[in-house]
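Ready to poke around a new structure? Grab a pencil and try each exercise before you read its solution.

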Amino acid sequence: MNFWEYLGNRHQQLLTDAYQHASAVFQCMVVATLLGVLIGVATYRSEWAGNFATLTTAGILTIPSLAMIGLLIPIVGLGVPPTVITLTLYGLLPIVRNSIVGLRGVDPSLVEAARGIGMSRLTQLLKVELPLAWPPILTGIRVATQMLMGIAAIAAYASGPGLGNVIFRGLASLGSANALNQVLAGTVGIIILALLFDAAYVLIGRLTIPRGIRV
């Protein structure tokens, strides 16, 4: 059968796999964002600490994703746990780096003015620094999400959820009637999900970033 016939016959399973893929990436991005911003907040004031945080998360990203999942399987088993850990760790670098850059880029005079009107350190961070650093942080989140969309496909190696299962089944049966259709369906599905997520981030940016800051 051709590609369109394959989609018509398997659309329910493909939609289920796509939902699981998107759900895994979304949930891991939430965790990675919280951890990444917290690390950025904790380290941006110190040159040494900021560089250490960036280098450490960059070092994690140099580990091949298949090797990372393979190393985690004996520790946490198959399925969701190695997928969540791997995706969360790989999503940290862009968020940590952009959080540090964004927070360091806040005009010191604005922070001083906030301190002058009696704001506490925590209030300054929440009401002045983080809102002004949000555009680069959001950019880091967008970059991390695009990375994780592709990396999540490797999770099928550990029986993880998502469209990687479709791709792996196709690769395992190369030469059979639907092998190419499976690989193509999984790949196209991941691309479409990545574009949808990116469009959502553009909308979030328009809703949360004041026009003056965007300009």
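**Exercise 1: Check a helix length**

Work out whether the end-to-end distance of helix H5 (residues 92–104) fits its residue count. Keep in mind that this is a predicted model.

*Solution.* Start with the count: H5 has 13 residues. The expected span is 1.5 Å times one less than that number, so H5 should stretch over 18 Å. Now look at the end C-alpha atoms: they are 18 Å apart, which agrees.

**Exercise 2: Is H5 covered or open?**

Find how many residues of H5 are buried, and what covers them.

*Solution.* First, the tally: 10 of the 13 residues in H5 are buried, so the helix is mostly covered. Next, some names: among the buried ones are Leu92, Ile95, Ser99 and Leu103. Last, the cover: it includes helix H1 (3–43), helix H2 (47–61), helix H4 (80–90) and helix H7 (121–151).

**Exercise 3: Place Ala156**

Locate Ala156 and decide whether it is buried or exposed.

*Solution.* Begin with the address: Ala156 sits in the loop between H7 and helix H8 (164–172). Then take its relative accessibility, 12%. Buried means under 20%, so Ala156 counts as buried. For its company, leave out residues up to four places away in sequence; Ala156 then touches Gly164, Asn165 and Phe168. And Arg97? The two C-alpha atoms of Ala156 and Arg97 are 29 Å apart, with 59 residues of separation in sequence.

**Exercise 4: Zoom out**

Describe the stretch that UniProt lists as "domain: ABC transmembrane type-1".

*Solution.* The unreviewed UniProt entry gives residues 18–201. Over that range the chain is 81% helix and 0% strand. Its end C-alpha atoms lie 19 Å apart.

Notes
Residues are numbered from 1 along each chain as its sequence is written. This is a predicted model: local features need pLDDT of at least 70, side-chain atom pairs count only at pLDDT 80 or more; totals for chains, interfaces and linings use all residues. Side-chain values use heavy atoms; hydrogens and water are left out. Helices (H or I, at least four residues) and strands (E, at least two) are DSSP runs, numbered from the N terminus. Buried means under 20% relative accessible area, exposed over 50%, partly exposed in between (1.4 Å probe, protein chains only). Contact means heavy atoms within 4.5 Å. UniProt positions are given in the numbering used here, feature names are shortened, and annotations may be inferred rather than shown by experiment.
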